[in-house]
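Let's walk through this model together, one region at a time. Please keep the sequence beside the 3D view as you read.

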Amino acid sequence: MFIQYGVRLISIVYTLFGILGFLPIHFLNPMHHEGIGTRYLFNLVAINTVHNLIHLAVGIAGLFAARTLSNARLWGKVCGSVLLLVFVGGMVQATIEGYPQDQMFIGLVPLNSPGHILHLVTGSIALYLGLVPLQRQEHS
């Protein structure tokens with residue numbers, strides 16, 4: 001079913017981001033000393049150890065959830081909502097801080113524009129997968 005495939009795909013992306021973020025390979029996730037001094041995965045997404053662990057948790061949970069339709073839908077609703085809340089919270093904080101290059105969200109996780117876009121897009125897709133009427137997928 002496409003819901004389970006969609007959840008699996010998002011989960012694979014987050015799991016890979018979590019794993020790759022831990023690799024000490026400069027061209028893969030170089031340190032940017034300006035701003036808050038964080039690494040940028042693929043020279044784009046601001047990351048640190050906590051962020052990598054969160055990406056791994058989201059990805060691994062999704063991989064387990066994708067095994068059944070009901071769990072995949074629940075994961076989509078929960079993770080999609082959380083990712084969208086992180087996007088909104090990050091944007092509110094960025095607005096308050098005057099749109100810095102990168103920010104430390106609630107003092108724990110570095111965020112920047114590519115990270116905000118990642119959370120907005122994957123959160124929207126995940127929430128859609130969690131809420132899409134089941135009749136639609138029967139025709140896919």
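G18 counts as buried because its relative accessibility is 0%; here buried means under 20% relative accessible area, exposed over 50%, and partly exposed in between, with a 1.4 Å probe and protein chains only. This glycine is found in helix α1, and its C-alpha atom is separated by 4.8 Å from that of H55, although the two residues are 37 apart along the chain.

Before going further, a word on the source: this is a predicted model, in which local features need pLDDT of at least 70 and side-chain atom pairs count only at pLDDT 80 or more, while totals for chains, interfaces and linings use all residues. Residues are numbered from 1 along each chain as its sequence is written, and side-chain values use heavy atoms, with hydrogens and water left out.

Now look along α1 as a whole. Helices (DSSP runs of H or I, at least four residues) and strands (runs of E, at least two) are numbered from the N terminus. Helix α1 covers residues 2-22, and its 21 residues should span 30 Å at 1.5 Å a residue; the end C-alpha atoms lie 31 Å apart, so the two values agree. The expected span is 1.5 Å times one less than the number of residues. G18 has buried company in this helix: I3, Q4, G6, V7, I10, S11, Y14, T15, F17 and G21 are buried as well. Because the buried residues cover an arc of only 165° around the axis, they are on the same side of α1; the arc is that of the directions from the helix axis to the C-beta atoms. On the face turned away from that buried side you will find the exposed residues Y5 and L9.

Next comes the sheet. Strands of a sheet pair through backbone hydrogen bonds, either parallel or antiparallel. In this model, three strands form an open sheet in the order β1-β2-β3, with antiparallel pairing; two strands pair if DSSP finds at least two bridges between them. β1 (31-32) and β3 (45-47) are the edge strands, each pairing on one side only. Two bridges join β1 to β2, residues 38-41, and M31 has R39 of β2 as its bridge partner. Three bridges then join β2 to β3, where L41 stands opposite V45.

The connections between these strands deserve a look too. The hairpin of β1 and β2 has five residues between its strands, and G35 in the turn has a positive phi of about 70°. Most residues other than glycine have a negative phi. In the hairpin of β2 and β3, with three residues between the strands, F42 nevertheless takes a positive phi near 60°. N43, in the loop between β2 and β3, also has a positive phi, near 60°; at 42% relative accessibility, this residue counts as partly exposed.

Another positive phi, of about 55°, belongs to Y99, which is not a glycine either. Look for Y99 in the loop between α3 (69-96) and β4 (102-105). With a relative accessibility of 54%, Y99 counts as exposed.

Finally, turn to the surface. V50, I54, I106 and L108 make a nonpolar patch of about 350 Å². Among them, I54 is found in helix α2, residues 49-65, and is partly exposed, with a relative accessible area of 40%. Patches are made of residues with over 30% relative accessible area and no salt bridge, with like charges joined within 9 Å and nonpolar side chains (Val, Leu, Ile, Met, Phe, Trp, Tyr) within 5 Å. A salt bridge is a side-chain nitrogen of Lys or Arg within 4 Å of a carboxyl oxygen of Asp or Glu, and accessible areas come from the Shrake-Rupley method with a 1.4 Å probe, where for residues only the protein chains shown count as cover.
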